Amino acid sequence: MPDFGYNWIWTHGHLVPAILFAVVALLALRFRWPRWIRLAAILGATWALFAFWIVQEKLGLNRAMPMPPVPFMATGAGNVIDLGAGSGRTAAMVLQARPGARLTALDKFSGSFGIDDNTPERFHRNMAALGVGGRAQALTADMTSIPLPDGSFDAAVSAYAIDHLNRENFTKAIAETRRVLRPGGEFLFFTINRDSWLRFSYPFLHGHGYYGRESLQEYWKSRIREGGFEIAAEGVQPGSYYILARKAS
Ligand SMILES: C[S@@+](CC[C@H](N)C(=O)[O-])C[C@H]1O[C@@H](n2cnc3c(N)ncnc32)[C@H](O)[C@@H]1O
């Protein structure tokens, strides 16, 4: 089984308030504390348990990401670069859904970004556990300066990674993404979308990079078009907004 290493605070943290609220509810029932305390504790425990279910079943932080229904690498084959691959959730999605793909997992592999032990070794262990290790290799590098020749890839993917960068570094990284893609190459982009699932489970979590007045969708489409891409498709999954783009000529 792969272990994508997302910290327990993210994957199981809701169990802490669930237990605390449940204990208060039981004490309130046992010692006949005021009715509002019982109600508040029961509501709190219900919120925490439902939020825990959302994290496990809808957001699936410690599972491979689901491939959205878009014609990304439609032939099922080609060379793809995963920008900010981390422990491999996105890489696993691509390699499982596109059996002829070969993937380069670029990451700084320094700093956790919520992933414990965010290293090339963890990435390789996870790919091997999923039986796709022969088609994946990790590359320690910064996506604002990719140490690879022009036109090396048919496709690129980046999930919750390129969108982490500030505006200046995002501009550099998307220019680098464009440079390493062949003409007409594809780019599949994911960012955090504060939909109802996310608002309920992580009320204080803000999206990445986006603080604008326009909608999140318009903001990211503009940034990707400015980077020299045409938008081919877009959509949502629980907690995520994605764009499929093509390198413009
Ligand atoms: C939240 S994780 C996402 C990992 C993976 N894509 C996923 O969906 O699970 C963000 C990743 O981006 C990487 N990262 C952030 N800035 C980077 C940069 N400038 N160059 C390369 N990798 C970077 C971090 O090291 C981290 O592994």
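In this predicted model, the largest nonpolar core comprises 28 residues, and within that core F72, V80, V94, F123 and L188 have the most contacts. At least two residues of this core are supplied by each of the helices α4 (89–97) and α5 (120–129) and by each of the strands β2 (100–107), β4 (153–159), β5 (181–192) and β7 (240–247). The largest share, five residues, comes from α4. The surroundings of F72, one of the residues with the most contacts inside the core, can be described individually: when residues up to four places away in sequence are not counted, F72 touches M67, V80, V94, R98, A155, A156, V157, E186, L188 and L244. Another core, of 25 residues, lies apart from the largest one, and I162, A173, I174 and V180 are among its members.

The protein as a whole has eight helices and seven strands, and its C-alpha trace spans about 70 × 40 × 30 Å along the principal axes. Of the 249 residues, 49% count as buried. Among the contacts between residues at least 6 apart in sequence, 70% join residues that are at least 24 apart.

The domain assignment divides the protein into domain 1, which covers residues 8–59, and domain 2, which covers residues 77–247. Taken over C-alpha atoms, the centres of domain 1 and domain 2 are separated by 35 Å. F72, which is described above for its contacts, falls outside the bounds of both domains, given as 8–59 and 77–247.

The two domains nevertheless meet, with ten residues of domain 1 in contact with eleven residues of domain 2. The size of an interface is often given as the accessible area lost when the parts come together. For domain 1 and domain 2 the buried area is about 1000 Å², and carbon and sulfur atoms give 75% of that area. With respect to charged pairs, the count of salt bridges between domain 1 and domain 2 is zero, whereas three residue pairs in polar contact, with both residues at pLDDT 80 or more, are found across the interface. On the side of domain 1 that touches domain 2, helix α3 (residues 35–59) gives the most, with eight residues.

Terms used. Residues are numbered from 1 along each chain as its sequence is written. This is a predicted model: local features need pLDDT of at least 70, side-chain atom pairs count only at pLDDT 80 or more; totals for chains, interfaces and linings use all residues. Side-chain values use heavy atoms; hydrogens and water are left out. A nonpolar core is a set of buried Ala, Val, Leu, Ile, Met, Phe, Trp, Tyr and Cys residues joined through side-chain atoms within 4.5 Å. Buried means under 20% relative accessible area, exposed over 50%, partly exposed in between (1.4 Å probe, protein chains only). Helices (H or I, at least four residues) and strands (E, at least two) are DSSP runs, numbered from the N terminus. Contact means heavy atoms within 4.5 Å. Domain bounds come from an automatic or database domain assignment. Buried area is the accessible area (1.4 Å probe) that two parts lose on being put together, summed over both. A salt bridge is a side-chain nitrogen of Lys or Arg within 4 Å of a carboxyl oxygen of Asp or Glu. A polar contact is a pair of N or O atoms within 3.5 Å; within protein, one must be able to donate a hydrogen and the other to accept it, and residues adjacent in sequence count only if both atoms are side-chain atoms.
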